[in-house]
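Visitor: I would like to learn to read this model. Please show me.

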Amino acid sequence: MTEYRAKSAYQQTGEADTYDAARFRSLKGRWEDRLEKRAMIMALRDVPSGARVLDLPCGTGRITEFLLDLGYKVVGADISEPMMAHAREKLGDHPNLETLQQADAESLPYADAEFDAVTSIRFSNHVPPDVRLRVLKEMRRVSKGPIIISYCNPNTISALKRRVKALIRKPHAPWNPATPRQVAAEAAQAGLKVSQAHAIIPLVSETVVYALVVQPFTDR
Ligand SMILES: C[S@@+](CC[C@H](N)C(=O)[O-])C[C@H]1O[C@@H](n2cnc3c(N)ncnc32)[C@H](O)[C@@H]1O
């Protein structure tokens, strides 16, 4: 297991307690949240309501709640108990919520093909590329259906702004974007292929929501 900032930073109670308000309370934050969810609805089009979905990492339950409202049976998993405490508070009595479980994405406590789909939003950009591949392979192992995952595209206006800002002030966290070509290559290494890609605002926003589907390994 490799250590990286996002793995420990969100385990701080202070970080968990301010997560939702810091990102999703402003007009811009609410708008981005809506756009991400709109992209997810498109990416989830082949996953029928009632399917069993793993939301990884579930964080404070933002996406978990959205999936539950779409009628999916959901397991939420995250390494951070403080983040999940907020998810428990919001969703603890939701009838479609199976469980919220502490787990490391690099080594998931689930059986092969246990889920109909996996969702993973706002995670890949925090994870170093070698770890990310391991995580993607784990997602593939536990899912018989698509992996709905967001990546940050470096060839966008918001990524350019991020790079300019980084010249002025050292960024507080490492950033691991991936071009669509890099996403396709990484997916192939994990035995997956891109079936859909939805940029939330093409050329402007970094966020792209992909649907990766299982394909047989060709390098074996
Ligand atoms: C930016 S948050 C995203 C949460 C949620 N998906 C969302 O979109 O609001 C990143 C989350 O990744 C979790 N995380 C970091 N490393 C992890 C790991 N190795 N296994 C599971 N969760 C991890 C953190 O605890 C944090 O809750």
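Visitor: By class, what residues does the shell around the ligand have?

Guide: The shell has nine nonpolar, three polar and six charged residues. Ala, Val, Leu, Ile, Met, Phe, Trp, Tyr, Cys and Pro count as nonpolar, Asp, Glu, Lys and Arg as charged, and the others, Gly among them, as polar. This is a predicted model: local features need pLDDT of at least 70, side-chain atom pairs count only at pLDDT 80 or more, and totals for chains, interfaces and linings use all residues. Residues are numbered from 1 along each chain as its sequence is written.

Visitor: Which residues come nearest to the ligand?

Guide: Of the 18 residues around the ligand, these are Tyr-10, Pro-57, Gly-59, Ser-80 and Ala-105. Here a residue is near if its C-beta atom, placed from the backbone, lies within 6 Å of the molecule.

Visitor: Where is Pro-57 placed?

Guide: Pro-57 is in the loop between strand 1 (52–55) and helix 4. Helices (H or I, at least four residues) and strands (E, at least two) are DSSP runs, numbered from the N terminus. A cis peptide bond joins Leu-56 to Pro-57, with omega about -5 degrees.

Visitor: How is Arg-122 to be read, buried or exposed?

Guide: Count C-beta atoms, placed from the backbone, within 10 Å of the residue's own: 20 or more others means buried, 12 or fewer exposed, in between partly exposed. Arg-122 has 16 such neighbours inside 10 Å, so it counts as partly exposed. Its phi is positive, about 55 degrees, although Arg-122 is not a glycine.

Visitor: And Leu-203, buried or exposed?

Guide: Leu-203 counts as exposed because it has 10 C-beta neighbours inside 10 Å. Leu-203 lies in the loop between strand 6 (192–199) and strand 7 (207–214).
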